[in-house]
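Colleague: I have a chain to look over before planning bench work. Can you take me through the model?

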Amino acid sequence: MRNEIVTIVGRPNVGKSTLFNKIAKSRMSITEDTPGVTRDRLYTKAEWLGRPFLLVDTGGLDPKSDDEFMPEIIEQAETAIESSCAVIFIVDGKEGVSPVDRTLASMLRKMNTNIVLAINKMDSKDAKDNYYDFYELGIADMISISAEHGQGIGDLLDMVFQYFPEPMENDEQDEDIKVAFIGKPNVGKSSMLNYILGEKRAIVTNIPGTTRDSIDTYATIRDRSFRLIDTAGLRKKGKITDKVERYSVLRTLSAVDECDIAILFVDATEGITEQDTKVMGYAFESGKGLLIAINKWDLIEKETNTQNEYVKDIRTKLGYVGFAPIVFVSAKTGQRVDKLIDKILEVYDNYYFRISTGVLNEVISEAILLNTTPQDKGRRLKIYYATQVGVAPPTFNFYVNDTKLTHFSYTRYLENTLRKAFGFEGVPIILNYRNRGE
């Protein structure tokens, strides 16, 4: 399921980052009393009524400000607004309607009609007195909130939720195998797409960032239907200089949301970078099937242990995706591209693989005999039975006597047991514990 995008906008120091943190239930954004602290977009996954979405925080907007960063901040916000299914326009209820609020309201109405006006600091008397003045902004959906104290947030999200389209997908298998090519610019994603297709569907140059948007290509490979998504490369925020590239970052994250399998392309001459770990982390947290393609392997001078040392370095830097297969390829020469396709098909089948309850519990019972469950203060964890409750990714519920007796090390043991028994190469496994009777 694709995560819809919701963007928070407003002038400086009205509580955007505080609201962002409250909805995201974390403190990912810096908040302090100095106006304009948040100078770049931040995004995180959030959820409301069981529906995930991508929440975007923008820098404070003031078109008349002489801040040298303001034109860039406005460009960033514009691109986020244009790609959003809904916009939360937050204003300061204590201060009342300001000239900047009027300017922003006019700008927003031209760019996105799905706007919810959040009047912040409702816990103050001034905000209550000023409430009706905000009708002049011409936004039908209005609500009073207190971002700091969390008041009205649920009602605000209800208003936002009305603009979400109906979900189009569930965890049932689609006809198309959806594969997203992700990674930094200029690592060979478009070249690999062209090689697989045998024709030039994507522009390939030596200029990083040529692919500014996600390019979807449908193809039949080995009698299987594929939807290949060549995404714009992600680069460090400091190097993202224009509006179109900033928009492409959000599109890349959306492409990950929509795919079954994300392939991280790494330039063999550069190795794993911090940006690679971030985008792979997003794909992992999204529960996607994962592959790592080390491209331009033909440019590397080989010695006896060159490949083994490379694998060791990747496993160290991307330890949380140790289940992801690594393929050394060359989009230029076609080296091991067939093996890459083999792995895509294998990971896809693993992603939707189901285990019967009887077979699953035989494996788990044997695992418990080999390594007994943990105990705490004389009480031992009892696992009554397990069942697979979902695919894409494979998800299992373990019914136990007390979920408080579970331990992460034993959970890892159970996961490793499932991988040893059933494979599951390239896919995350989700294990949930439930008290019996739940």
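Some questions and answers on this model follow.

Colleague: What share of the 438 residues of the protein chain counts as buried?
Modeller: The model is a predicted one. A residue counts as buried when its relative accessible area is under 20%. Of the 438 residues in the protein chain, the share that meets this is 53%.

Colleague: How many disulfides does the count come to?
Modeller: A disulfide needs a pair of cysteine sulfur atoms within 2.5 Å. Cys-85 is buried at a relative accessible area of 11%, and Cys-259 is buried at 2%. By the distance rule, the number of disulfides is 0.

Colleague: Within what arc do the buried residues of α11 fall?
Modeller: Helix α11 covers residues 357-370 and reaches 20 Å from its first C-alpha to its last, close to the 20 Å expected. Its buried residues are Leu-360, Asn-361, Val-363, Ile-364 and Ala-367. They line one face of the helix, because seen down the axis of α11 they fall within an arc of 160°.

Colleague: Which elements do the buried residues of α11 pack against?
Modeller: The face of α11 turned away from its buried side carries exposed residues, Glu-362, Glu-366, Leu-369 and Leu-370. The buried residues of α11 pack against β15 (383-390), β16 (395-400) and α12 (408-422).

Colleague: What part of the area that the protein chain exposes do carbon and sulfur atoms supply?
Modeller: The protein chain has 12 helices and 17 strands. It exposes about 20,600 Å². Of that area, carbon and sulfur atoms supply 47%.

Key. Residues numbered from 1 in each chain as written. Predicted model: local features only at pLDDT ≥ 70, side-chain atom pairs only at ≥ 80, totals over all residues. Heavy atoms only, no water. Buried < 20%, exposed > 50% of the residue type's maximum accessible area, 1.4 Å probe, protein only. Helix = DSSP H or I, 4+ residues; strand = E, 2+ residues; numbered from the N terminus. Expected span 1.5 Å × (residues − 1). Arc of directions from axis to C-beta. Contact = heavy atoms within 4.5 Å. Areas by Shrake-Rupley, 256 points an atom, 1.4 Å probe, with all protein chains shown as cover.
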